[in-house]
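Colleague: I would like to go through the labels on this model. Please back each one with its value and its cut-off.

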Amino acid sequence: MIIEILQQMLNGLAIGSVYTVIALGLTVVFGILGIAHFAHGSVAMSGGYLTYLFGERLAIGFFPAMALAMLVGAVIGLLIERLAYRPVRDAPHINAFIIALGLTMMVEGINLLTFGADQVVIQTPYRGVFNVGGVAVAELRLLVILTACTLIGVVALLISRTKTGKSIRAVAQNRPAAVLMGVNVNRVSAIVFSVSSALGAAAGALVGALLAIAPGVGEGLAVKGFAVLILGGLGSIPGAIVGGLVLGVSESLAAGFISSAYKDVIAFMVMIVVLLFRPEGLLGKR
Amino acid sequence: MNKLARSIAAAGAALACLGAAAADKELLIGVNDSLTGPGAVYGLPQANSVQMAADEINAAGGIKAGGDVYKLRVIANDDKANPTEATNSVRKLIDRDGVKYLLGFCCSGPTSAVASFIERENALMLVGNAAERAITAKGIPNLFRTRPPADFTGAAAGTFVGKRGAKNVAVIGSLDVGFYTQYLEAFEREFAKAGGKIVAKETFGLKDRDMTPQLTKVRALNPDALLVLGYVEPSAFVYRQATELGMKIPRYGFTSGSEEQFLRVATSEQMEGVWDLRPTELTVEALADNAKTYVANYTKRFGTPPSPSSPYAYDQVYVLKQAVERAGSAEDPKKVTAEVRKVTVPKEAVMKYLPVGGTMFDVNGQAYTSNGAFQWQRGKWVYVSDLPSDPALYSEFLRGLRK
Amino acid sequence: MSRPTVRAMGLAVLVLAALALPLGVTLPYFQHLVILALIWVVLSQGQNLIQGFTGYVSIAQAGFMGIGAYSSTLLSVKLGWPVWLTMAAAPGVTAVLAVLAGYPSLRVKGHYFAIVTLAYNMVIFIVLMTWSSLTGGEAGISNVPRPPDIAIGVLVWDLDSRVGYYYLALAAAALATLLCALILHSRVGRVLVAIRQNEALIEAAGVHSWRYKLLAFVVSAGLAGLAGALYAHFIGFLNPDAFGVDHSLNAILAVILGGSGTLSGPVVGAFAVVFLPEYLRVAENYRLVIYGFILVTATIFMPRGLVPLVASGLRALAARLKREPA
């Protein structure tokens, strides 16, 4: 019984860490720019497809391919920010959200045209399985968790230790004041979106390696990402980390012990319960 | 449209021109299949094989019946494994394109939707890979199926697994889907006769990819074997994740998936030792020269080997040919239908059919193939043994289901 | 001529045209599309109420349509209730569910709200697909009945025919538009518009915006439920595919395209959303990209939608014409 619980939890940690990376990409954009960037899930899918393509065509390993896809992701983020969101930065928030929906359709559509409708599984050479006291630890899952940790660590450092990070935090706290202090909001906006989309691309690569990339997967990821945001507190990075892992593990435990058919519903139930009783999230400020 | 679909369309157009130039009559075939989506692993190879058969027949001079020569033209529609799309697609084929002969039908959901109204139409419907028993249990006069119902195979599989010494089997499958439940019922019945018990029945959806929670649950029960009942892609994930969870028990499945389809998701090592208990479909050791030729031609033409169940559609074309020849004309589907009832197994057929009462199709419009046990060995599906089954007995059982 | 007179004349022409439509449009294919468009008018008017008037984007409209569709279908097919009754009950069932759904989600603002409604749609879709013992799952429910004929003296309203159903859909679309017009011109409507413009301000003025938001949400869901019932009994075959998130996005598109916050906007938008895919059939693969592009550019360049744009264009033209004869 204990082994079963531990196994379910470990399984859940792997997918949970992917949720965290997605949520991180969402929370930086939301917390700093106030935009619910729903198209993030589809951008993640593009990253996954690109990782697959780079791996196959350029005959490079998984991590180099992922790095390359992250670079492309960053560029995509820049384009999205400049062309789609900047024009409505000062318009009512609802406009930005509708643009997010429009972007989702566009990116999904472009993915469909470019990569087709079949599912894509990124095969990796990491197929070992270690037995730790009855719990099977798959090499791939371990690597996914480690990669996610690394990415999160790097972004957290970027925001807390660098000068750019300081500008970003300034805009997040008080945009008019930041402008007065000479912070270039356009530049901050561009950087935030590049970082967010690069993270998204990485998440897509990880999903492709763990499971598969296919039309429709991106939407589900985006929704789960927002569920994590609501759970952890919008704009909170520690919240995104804790929230993602909690969601992944709860899904796994619920699927294992209650019902596997309604697994995806768990995320949404969690979201609704949190909104009812603690709308600022587990780690958000009241 | 993807490359394969485009090549089908191009070849079809080219042949249509050829046919028209020779001032022969045209026999229009409508293929309704899942060319995209989760059913595409079954539907696309079927559509391809129908086109290939039509081209072969045209190249050999067409169908000669009652003084006329018919050249075949194929129109393929994608039902996206969706019952509403399938209904619309068939409506379009019958109403707008004037099709009288409908082939293909890989997936039970869309096929059942079409079967619910086909009796009222002036058309003949030949069903392929769709395994839902109810499709032929209703005794629809203008519907025939080349693939045996799922439970016909399930029973044979249950006996086989029992004989291999398993006593406790855990089942994981798309158990919301009718024909998988039918397979399981028959399996459980025969397995019980050998003293076996099903210790778990876990579900997953047709499009699910992460079955680690269900597998973890199953692993804790310590079964002797795992029975996986799902489409190729989810089953592939199950096989892969079972190894990732350190499970070493025998894995039995019912997918009719090709090597290439499985290797897109799992590695050969992860698949090693997996069984597929299914109709004795395309494997060169199990079938005769027709099969070898079919595989070679298909691979050359489409750049990828055919899926094991694709010949169900290929054979449909040759059944149609024989029926048209016997009827003397292709104009009246009712006459052709009457002849289909009486056809013998065409000599070009790839599958090994077991005629019941002297004809290929029994009184329900159902054809039967033998069942076989296939095992994945070093990257290939290897035919290991026959799974004995009794088509005459099953035929009576099926007839008895009609109210 | 005065504006109100022009308006009244225009409306009269429209009504006559709508009543006479089946005489002009005889191709079954087009009649089918028009009926679907009218059903979508009901849906879009609902969407406009919560999105256009109140300013809260709901991504659950297709999900609520599904609730209405399955309620009416299950009550008539499984319990044998008369179809008129089930069609009337469907909006009610949907409204009750909307109250339960709206309660937690309307406490939060814009972005949160939208995402939560998206989650609702996904939950509804998953449940409809998975609870197959009740809903038939992906394989769906066939033979959903049409309402029985209504005989008034010697006139028979045959609802089995396409023309007969057209008038039913037309009546529903007209009712939906009328309902929204009534709301818009009432005190409730003014509060809703005020919420869209500046929620903080009216809260400070002592208005419980929450109650008004809930009302808008519930009415909009009720309209979606009605649209669902009409849809199910029209097509005759019901499965969850028509109620996924992408259809909710279509509802949003319809409102944006036609004109948020106007009464004729959703009508234009509904027809656009139903007819466009048929004309874009050639470019099926590009459809998503085109829709998305329209949504993005429309929001950036014409955020108030087509109808206000055309209306203001016409007004400018009329003003120009008035100036000519000095």
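Modeller: What follows is a set of questions on burial, salt bridges, strands and a surface patch, in a predicted model.

Colleague: Why is Gln47(C) called buried?

Modeller: Its relative accessible area is 0%. Buried means under 20%, so Gln47(C) qualifies. Gln47(C) lies in helix H2 of chain C, residues 28-53. Beyond its sequence neighbours within four places, Gln47(C) is in contact with residues including Ser58(C), Gln61(C), Ala251(C) and Val255(C).

Colleague: What makes Gly235(A) partly exposed?

Modeller: Gly235(A) has 36% relative accessibility. Partly exposed is the range between under 20% and over 50%, so the label fits Gly235(A). The residue sits in the loop between helix H9 (217-232) and helix H10 (237-257) of chain A.

Colleague: Which residues does Gly235(A) touch, not counting those up to four places away in sequence?

Modeller: Thr27(A) and Gly31(A). The C-alpha atoms of Gly235(A) and Gly31(A) are separated by 3.8 Å, although the two are 204 residues apart along the chain.

Colleague: How do you know that Glu190(B) and Lys193(B) form a salt bridge?

Modeller: The N to O distance is 3.0 Å. The rule asks for a Lys or Arg side-chain nitrogen within 4 Å of an Asp or Glu carboxyl oxygen, so this pair passes. Both residues lie in helix H7 of chain B, three residues apart, about one turn of the helix.

Colleague: Are Glu190(B) and Lys193(B) buried or exposed?

Modeller: Glu190(B) is at 17%, so it is buried under the 20% cut-off. Lys193(B) is at 62%, so it is exposed by the over 50% rule.

Colleague: What makes Asp289(B) and Lys292(B) a salt bridge?

Modeller: Their closest N and O atoms are 4.0 Å apart. The rule says within 4 Å, and the pair is listed as a salt bridge. Asp289(B) and Lys292(B) are three residues apart in helix H12 of chain B, so about one helical turn separates them. At 56%, Asp289(B) counts as exposed. At 43%, Lys292(B) counts as partly exposed.

Colleague: Which residues are joined with Glu325(B) and Lys321(B) into one network?

Modeller: Glu325(B) and Lys321(B) meet in a salt bridge of 3.2 Å, N to O. They lie four residues apart in helix H13 of chain B. Salt bridges that share partners link these two with Lys347(B) and Glu348(B). Over all chains the count comes to 26 salt bridges.

Colleague: Why are S12(B) and S13(B) called paired strands?

Modeller: Pairing needs at least two bridges. Seven join S12(B) to S13(B), so the two strands pair. They run antiparallel. One bridge links Ala373(B) to Ser385(B). In the hairpin of S12(B) and S13(B), Arg378(B) takes a positive phi near 50 degrees.

Colleague: How do you know that S4(B) and S5(B) pair?

Modeller: Two bridges join them, and at least two are needed, so S4(B) and S5(B) pair. These strands run parallel. Leu102(B) has Met125(B) as its bridge partner in S5(B).

Colleague: Why are S2 and S6 of chain B at the edges of their sheet?

Modeller: The open sheet has the order S2-S3-S1-S4-S5-S6 in chain B, with mixed pairing. S2 and S6 each have a single partner strand, so one side of each is left without a neighbour in the sheet.

Colleague: What makes Leu309(C) and Leu321(C) eligible for a nonpolar patch?

Modeller: Patch residues need over 30% relative accessible area. Leu309(C) is at 43%, and Leu321(C) is at 55%, so both clear that cut-off. They join Val310(C), Leu314(C) and Leu317(C) in a patch of about 470 Å².

Definitions and conventions
Residues numbered from 1 in each chain as written. Chains lettered and ligands numbered in written order. Predicted model: local features only at pLDDT ≥ 70, side-chain atom pairs only at ≥ 80, totals over all residues. Heavy atoms only, no water. Patch = residues over 30% accessible without salt bridge, like charges linked within 9 Å, V, L, I, M, F, W, Y side chains within 5 Å. Areas by Shrake-Rupley, 256 points an atom, 1.4 Å probe, with all protein chains shown as cover. Buried < 20%, exposed > 50% of the residue type's maximum accessible area, 1.4 Å probe, protein only. Contact = heavy atoms within 4.5 Å.
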